[in-house]
Amino acid sequence: MKRWLQLLKTKLKTRLISRKARQQWLYLFVAPGLAAAGMGIGLSLLGFWIPLERGIYNRLFNTRNQLHPLQWDERVVVIAIDDASLATYGSYPWSRSLYSKLLTDLMTVQPAAIGFDILMAEPTIEDTQLGETIRDSGNIVLAVGGDNQGNQVPISPLLLQATDDFARIGHVKHITDSDGVSRQAFLYERHQDTTVESFSIALLQTYQENISRVVNQEQISTVDISAQFLDNSHQEDISIQFLDNLKRFDQHSPAWINWPAPVHTRKGNHNRSQQGVHTVSFQAVMNNDDVLNSLQNKIVLIGYTATGVVGNIEDPLKTPFSRRIPTSGVYIHAALLDNLLNDRFLTALPYRWTLILVILSAFGSGLILRPLNLGGRLLFMVGLAPAWFLVTYSCFVGAGILLPMVAPIGTTLLGMMMFQIAEQRERQALTDLFAISLSPEMADFVWQYKDELLTQGHIHSQELTATLLFTDIRGFTSITEMLPSKTLLAWLNRYFEVMTDCIMAHGGVVDKYIGDAIMAAFGAPVSQNSTAAIQQDALNAVKASMAMVERLKDLNQEFESQELPTVRFGVGLHTGPLVAGTVGSRNRASYSLFGDTVNIAARLQDMTKQLTKNSPYPILMSEATYQLVTEHCTISAEKAKIQLRGRTAQTTVYALSGIKTS
């Protein structure tokens with residue numbers, strides 16, 4: 001029956017501790033985590049993180065370009081209407097017969113696909129000639145633009161009619177963020193009841209058809225031409241399936257552009273790793289057969305790059321590499337083609353997963369900070385951004401995944417702030433508790449070990465083994481009669497200050513002041529279970545009591561110089577089991593140590609009055625304390641058996657006369 005009751009008691013105690021632990025978890029982790037998560041999600045919904053995330057996006061590209069640049073696909077070539085071309089053929093606008101001449105020359109080398117990133121909305125007398133040339137070429141894509149109201153800017157009807165439907169049409173719409181950088185583009189766009197493919201998709205389809213025709217007719221290897229889209233036995237099916245999968249990028253789901261290296265080669269830089277997209281001048285193509293021959297089986301984009309051209313001014317392009325000085329809009333189609341040919345569009349983390357990451361960051365910050373000290377927390381804060389950038393960069397380079405960086409880090413910092421506030425509130429609550437239950441010098445010690453002592457702001461009782469130090473001033477009653485109350489308090493406080501410093505310097509804590517007496521513990525209020533820890537606590541108590549005796553000599557000289565009474569005291573030391581806990585009412589509580597160990601230490605202190613004046617140290621220790629410390633040092637002590645008040649059997653005690661540590 002007794003064993004069953006003990007088991008029931010243990011289970012009830014375990015449940016109570018578990019319940020209190022859950023309450024503490026709710027207060028320290030759940031509440032701050034919810035607050036931080038709410039703030040992080042709210043800032044996400046308000047778009048607060050977006051400008052900062054865009055800056056990280058730019059940094060990812062520039063870092064990759066410095067470490068291991070992503071090369072442009074060599075199948076994509078830009079024929080640039082540049083300053084040299086304008087100097088050769090005159091200022092903008094050009095006669096469309098010049099485009100007809102270019103196409104006639106290109107037909108001799110047979111590029112796989114040719115795209116005009118030039119809006120041809122106004123009818124001209126050259127439209128018929130250009131349209132017939134486009135029809136003869138059979139591999140031309142024309143651009144459809146849009147106005148600020150979302151309406152299409154159509155191609156000249158006369159030009160379209162002359163092509164006899166031998167030209168594909170693709171829209172050139174892309175997204176420009178508030179900082180001017182183009183990071184996304186629509187591969188498909190819906191107008192009324194029809195879906196219009198993008199300029200790059202139309203070029204890709206034309207390229208696929210023409211390369212497939214070459215493969216079928218000439219039976220050449222396709223490994224170096226279009227390994228991704230062509231298969232010797234299922235070329236067309238693979239291409240159609242791939243293009244159908246791209247339709248997930250509709251007008252609501254744009255594609256994230258994976259920009260290769262900067263579009264232009266840096267002047268004077270001949271490093272292959274820094275080369276931009278292959279760009280040739282319009283006038284060079286028209287006048288140089290070697291340049292013309294290099295365009296065979298290529299995807300050719302024709303667009304304005306000259307400075308000061310109206311078409312270029314209306315179609316500026318900023319990339320992660322050129323945010324201050326815009327480049328030409330034709331290069332965004334080159335980037336899209338590069339991504340299509342190599343299937344390397346970026347994938348942004350879905351918004352719901354971003355929110356989940358924000359929530360995890362909010363709650364995880366408290367879990368990480370809880371076991372860390374101040375130095376560890378500062379180190380975590382300093383290393384958080386570089387560590388997460390490394391994770392983000394690894395996903396960006398290795399898998400083409402765009403992870404949010406600013407939102408998780410910002411939310412983590414918010415979580416840390418919320419946790420610090422909750423912890424500070426808990427500390428303030430404990431400080432208020434200390435004011436009614438603990439002596440001030442014990443406050444920091446208890447806070448350091450709060451997890452072992454406290455549950456929801458309450459000090460729970462525990463059993464422990466510690467060494468008690470009890471000291472009392474001799475003749476205090478007569479001294480109180482000699483001194484005025486104001487002087488007496490100053491004198492007594494000075495004595496307490498010096499003695500307390502000695503106790504705390506050796507790892508002890510003052511449990512309470514009882515009139516002129518001091519009750520201190522070594523090994524409390526945190527439970528010490530190991531034999532080595534208990535022995536060390538006993539040794540610290542002996543050293544502290546000896547230090548008190550030595551410091552008292554200097555203190556008495558100070559009192560004599562002020563014509564104040566000197567102090568004589570006795571110290572009792574005993575090691576044994578104790579119960580530590582809070583007693584009292586909800587209005588007034590007191591934390592203290594209870595048990596026979598306290599009584600023995602107090603009795604030993606009282607018995608020091610019987611020591612002779614020749615004793616070097618007015619210190620008595622029990623045999624339990626003596627046996628613990630004699631293993632670590634050489635103790636000079638006189639052994640005696642005395643009768644303690646309130647006890648029938650005699651008690652073995654030791655009067656300390658010296659100590660020598662080995």
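Q: How many aromatic pairs does the structure hold?
A: This is a predicted model, so the pairs here come from computed ring positions. Rings of Phe, Tyr and Trp pair if their centres lie within 6.5 Å. Going by that cut-off, the structure's count of aromatic pairs is 17.

Q: What geometry do Phe61 and Phe396 have as an aromatic pair?
A: Take Phe61 and Phe396, whose rings sit 5.0 Å apart, centre to centre. Their planes make an angle of 70 degrees. Planes over 60 degrees apart get their own label, so the pair Phe61 and Phe396 is edge-to-face.

Q: How many residues apart in sequence are the parts that the pair of Phe61 and Phe396 ties together?
A: Phe61 belongs to helix H2, while Phe396 is in helix H15, residues 374-399. Each helix contributes one ring, so the pair links parts whose separation in sequence is 335 residues.

Q: Is Phe61 buried or exposed?
A: Buried means under 20% relative accessible area. Phe396, its partner in the edge-to-face pair, is buried at 1%. Phe61 also has a relative accessible area of 1%, so Phe61 counts as buried.

Q: Why is the pair of Tyr89 and Phe282 edge-to-face?
A: The ring centres of Tyr89 and Phe282 are 5.9 Å apart, which falls within the 6.5 Å pairing cut-off. Edge-to-face calls for planes over 60 degrees apart. The planes of Tyr89 and Phe282 qualify because they stand at 85 degrees.

Q: Which helices hold Tyr89 and Phe282?
A: The pair ties together parts that are 193 residues apart in sequence. Tyr89 lies in residues 83-89 and Phe282 in residues 282-287, so the helices are H3 and H10.

Q: Which of Tyr89 and Phe282 is buried, and which is partly exposed?
A: The buried class takes residues under 20% relative accessible area. Tyr89, at 27%, is partly exposed. Phe282 comes in at 0%, so the buried one is Phe282.

Q: Which residues form one aromatic cluster with Phe61 and Phe396?
A: Phe61 and Phe396 are an aromatic pair, and both are members of one cluster. The other names in that cluster are Tyr57, Trp256, Phe321, Phe389 and Tyr393.

Q: Which helix supplies the largest share of the lining of the second largest pocket?
A: The second largest pocket holds about 680 Å³ of space and is lined by 21 residues. Ile50, Glu53, Trp256, Ala348 and Pro404 lie nearest its centre. Helices H2 (50-67) and H14 (351-369) each supply at least two lining residues, but the largest share, six residues, comes from H2.

Q: How many nonpolar residues are in the lining of the second largest pocket?
A: Sorted by class, that lining includes three polar and four charged residues. The nonpolar count is 14.

Q: Which helix gives the most to the lining of the largest cavity?
A: Just one cavity of 30 Å³ or more turns up, and the largest cavity holds about 40 Å³ of space. Its lining includes His171, Lys173, Phe199 and His333, and divides into six nonpolar, five polar and one charged. Helices H7 (199-218) and H13 (330-342) each supply at least two residues, and the top contributor, with three residues, is H13.

Q: Which residue with a positive phi follows H20?
A: H20 runs over residues 485-505 and reaches 30 Å from its first C-alpha to its last, close to the 30 Å expected. Among its buried residues are Leu488, Trp491, Leu492 and Tyr495. After H20 comes a residue with phi near 85 degrees, Gly507.

Note on methods. Residues are numbered from 1 along each chain as its sequence is written. This is a predicted model: local features need pLDDT of at least 70, side-chain atom pairs count only at pLDDT 80 or more; totals for chains, interfaces and linings use all residues. Side-chain values use heavy atoms; hydrogens and water are left out. On a 1 Å grid over the protein atoms alone, a cavity is a set of points where a 1.4 Å probe fits but cannot get out, and a pocket is an open set with protein on both sides within 12 Å along at least five of seven lines; lining residues have an atom within 4 Å of a point. Grid points are joined across faces, edges and corners, and a volume is the space filled by probe spheres set on the points. Helices (H or I, at least four residues) and strands (E, at least two) are DSSP runs, numbered from the N terminus. Ala, Val, Leu, Ile, Met, Phe, Trp, Tyr, Cys and Pro count as nonpolar, Asp, Glu, Lys and Arg as charged, and the others, Gly among them, as polar. Rings of Phe, Tyr and Trp (its six-membered ring) pair if their centres lie within 6.5 Å; planes under 30 degrees apart count as stacked, over 60 as edge-to-face and the rest as tilted. Buried means under 20% relative accessible area, exposed over 50%, partly exposed in between (1.4 Å probe, protein chains only). The expected span of a helix is 1.5 Å times one less than its number of residues.
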